[in-house]
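Visitor: I am new to this structure and would like a close look at one part of it. Could you take me to a place where two helices pack, and then show me what lies around it?

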Amino acid sequence: MSVQDEALSAAISTTGPLTTESGAPVADNQNSETAGLGGPVLVQDQLLLEKLAHFNRERIPERVVHARGAGAYGTFTVTADVTRWTRAAFLSQVGKETEVFLRFSTVAGNLGSADAVRDPRGFAVKFYTEEGNYDLVGNNTPIFFIKDAIKFPDFIHTQKRDPYTGSQEADNVWDFWGLSPESTHQVTWLFGDRGIPASYRHMDGFGSHTFQWTNEAGESFWVKYHFKTDQGIRNLTAAEAEELAGKDPDSHQRDLREAIERGEFPSWTVYVQVMPADEAASYRFNPFDLTKVWPHGDYPLTEIGKLELNRNPENVFAEVEQAIFSPAHFVPGIGPSPDKMLQGRLFAYGDAHRYRVGINADHLPVNRPHATVARTHSRDGFLYDGRHKGAKNYEPNSFGGPAQTDRPLWQPVAVTGATGNHAAPTHAEDNDFVQAGNLYRLMTEEEKERLIANLAGFIAKVSRDDIAERAINNFRQADADYGKRLEAAVQALRG
Ligand code: HEM
């Protein structure tokens with residue numbers, strides 16, 4: 001909070017008369033003004049009109065995905081020297097601390113939906129660095145359902161409410177997944193034990209995409225981020241979640257806030273997997289394919305830091321609902337990879353923020369840089385606060401205005417061939433099922449039983465046999481035993 005913000009909130013909380021928005025004292029906040037006793041209400045009752053009008057405008061559009069969430073502030077501390085891989089200033093010294101804001105979320109549910117549901121969880125971290133805010137907008141899973149941004153609106157339409165019934169429909173969900181075999185890995189993950197975390201504190205986070213790190217010498221590396229919970233992984237079974245979602249829809253939000261209030265600050269140990277840039281072309285999997293992991297045997301986890309959450313927001317609307325995170329918010333030494341999903345996201349979030357919060361969303365206290373200041377020549381727009389005063393609003397200028405550095409934030413990536421609607425390239429061991437099968441075979445017998453039961457319970461709700469069969473066939477291709485058991489379980493439920 002800036003000094004002005006603090007002065008303002010102190011003034012608002014001091015005692016004094018109730019006022020209108022323009023600051024005039026209010027005489028009566030109980031009875032609206034009427035023409036005589038029992039007569040109609042007068043338009044001159046400014047307080048009544050102002051209250052009703054403001055109330056009508058309290059909601060802003062909810063996020064089109066990840067609408068339901070909770071956030072907290074904290075600290076990221078560097079625990080290992082990573083300067084051989086990145087020149088990002090906030091990662092430059094062991095022991096260095098950076099303020100963060102983290103927003104957790106579910107994906108499909110609306111703003112008022114329950115927390116304890118089977119759904120990926122968003123894990124969006126804003127690092128307030130001295131070189132600008134760095135946002136890592138990830139999930140609690142290292143992978144995703146699709147690998148091209150052009151499919152995202154279709155995918156999300158199948159997860160949200162059907163235009164005719166107004167409810168989520170098993171037909172739509174399984175139709176899309178059955179026709180999108182690349183989803184098999186993430187669907188196996190989601191219907192496994194980690195599909196319903198017991199709280200936001202008891203789950204891991206991932207950057208999920210591959211990102212570029214570049215060092216002072218200009219060498220580049222491909223990097224994946226992992227945040228391992230220090231609280232231990234805890235999950236809910238489908239039955240436990242159903243009960244909790246009914247009894248306490250706010251379970252995860254409440255758990256996070258109360259833990260921080262008790263001084264039990266949740267933390268995560270942060271790791272990276274690092275791939276030298278020249279190994280990408282010959283790696284056995286396409287390293288930019290979001291439906292795949294890099295097995296730890298190929299690229300081990302290296303610990304780089306600790307993330308702790310230790311401060312609750314004071315106002316949920318101002319700091320959580322209006323928080324904006326963008327995968328395009330990079331800092332020097334960190335940049336995008338050619339992952340087609342990430343590339344689409346670089347556009348989608350800024351666009352969402354301009355629609356949802358407005359063109360000056362970056363000026364709000366939760367969103368603006370805290371360890372530096374933004375110096376742009378952009379001006380005006382709705383709710384512009386005049387922060388630039390009389391400074392020149394163009395560049396170049398002869399009045400000492402901010403100018404470019406001439407140093408790119410990240411390194412160029414070589415490309416070949418002609419433009420076209422190309423599918424992401426496949427590498428030697430790539431197909432849509434290999435890692436889904438590997439994940440299934442890693443599970444214990446009990447885990448497999450729960451996975452099959454969770455999947456079968458949902459597929460059995462599909463109304464058409466061809467849609468159910470196509471969905472089951474993807475799991476069959478991942479592993480013959482997986483497919484056989486699932487088919488039998490679905491048949492038993494469908495009769
Ligand atoms: C191309 C695919 C995707 C598109 C087009 C997309 C688009 C969006 C949009 C429009 C929002 C709402 C933003 C807002 O209103 O503030 C959002 C939120 C979010 N997305 Fe995505 N998304 C995509 C894929 C992903 C993936 C792969 C992940 C994780 C690895 C992810 C994680 C999140 C998170 C965590 C949020 C909530 C951020 C917050 O807490 O404010 N999204 N996404």
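Guide: Happy to. Helix H4 and helix H12 are oblique to each other, because an angle that is neither roughly parallel, roughly antiparallel nor roughly perpendicular counts as oblique. Please keep in mind that this is a predicted model. H4 covers residues 170-179 and H12 covers residues 465-478, and the two pack at an angle of about 45 degrees with their axes 8 Å apart. As H4 passes H12, the crossing is left-handed.

Now look at who takes part. From H4 come Asp 171, Trp 174, Asp 175, Trp 177, Gly 178 and Leu 179, while H12 offers Ile 467, Ala 468, Arg 470, Ala 471 and Asn 474. Sorted by class, the contact of H4 with H12 holds six nonpolar, two polar and three charged residues.

A second pair of helices makes a good companion to this one. The axes of H11 (residues 445-459) and H13 (residues 480-494) come within 9 Å and cross at roughly 50 degrees. H11 and H13 are therefore oblique to each other, and their crossing is right-handed. On the H11 side you will find Ile 452, Ala 453, Leu 455, Ala 456, Gly 457 and Ile 459, and these meet Arg 485, Leu 486, Ala 489, Val 490 and Leu 493 in H13. The residues of this contact divide into nine nonpolar, one polar and one charged.

From the helices, let us move on to the cores. The largest nonpolar core has 47 residues, and Val 100 and Leu 102 touch the most other members. Among the elements that give two or more residues to this core are strands E1 (69-78), E2 (97-106), E3 (121-129) and E9 (302-311). Setting aside neighbours within four places in sequence, Leu 102 is in contact with Gly 71, Ala 72, Gly 74, Ala 124, Val 125 and Leu 309. There is also a second, separate core of 36 residues, and Trp 174 and Ala 489 are among its members, as are Phe 191 and Ile 472. You have met Trp 174 already in the contact of H4 with H12, and Ala 489 where H13 meets H11.

One last stop is His 226, which sits in strand E7. His 226 is buried, because 22 other C-beta atoms lie within 10 Å. Apart from neighbours within four places in sequence, His 226 is in contact with Asp 204, Phe 206, Tyr 271 and Leu 301. The C-alpha atoms of His 226 and Glu 303 are separated by 9.1 Å, although these residues are 77 residues apart along the chain.

Conventions
Residues are numbered from 1 along each chain as its sequence is written. This is a predicted model: local features need pLDDT of at least 70, side-chain atom pairs count only at pLDDT 80 or more; totals for chains, interfaces and linings use all residues. Axes are lines fitted to C-alpha atoms, for helices over the stretch in contact, and angles run from 0 to 180 degrees between N-to-C directions. Helices (H or I, at least four residues) and strands (E, at least two) are DSSP runs, numbered from the N terminus. Angles under 35 degrees count as roughly parallel, over 145 as roughly antiparallel, 65 to 115 as roughly perpendicular and the rest as oblique. A crossing is left-handed if the near helix is turned anticlockwise from the far one by less than a right angle, and right-handed if clockwise. Two residues are in contact if their C-beta atoms, placed from the backbone, lie within 7 Å. Ala, Val, Leu, Ile, Met, Phe, Trp, Tyr, Cys and Pro count as nonpolar, Asp, Glu, Lys and Arg as charged, and the others, Gly among them, as polar. A nonpolar core is a set of buried Ala, Val, Leu, Ile, Met, Phe, Trp, Tyr and Cys residues joined through C-beta atoms within 7 Å. A residue is buried if 20 or more other C-beta atoms lie within 10 Å of its own, exposed if 12 or fewer, and partly exposed in between; C-beta atoms are placed from the backbone.
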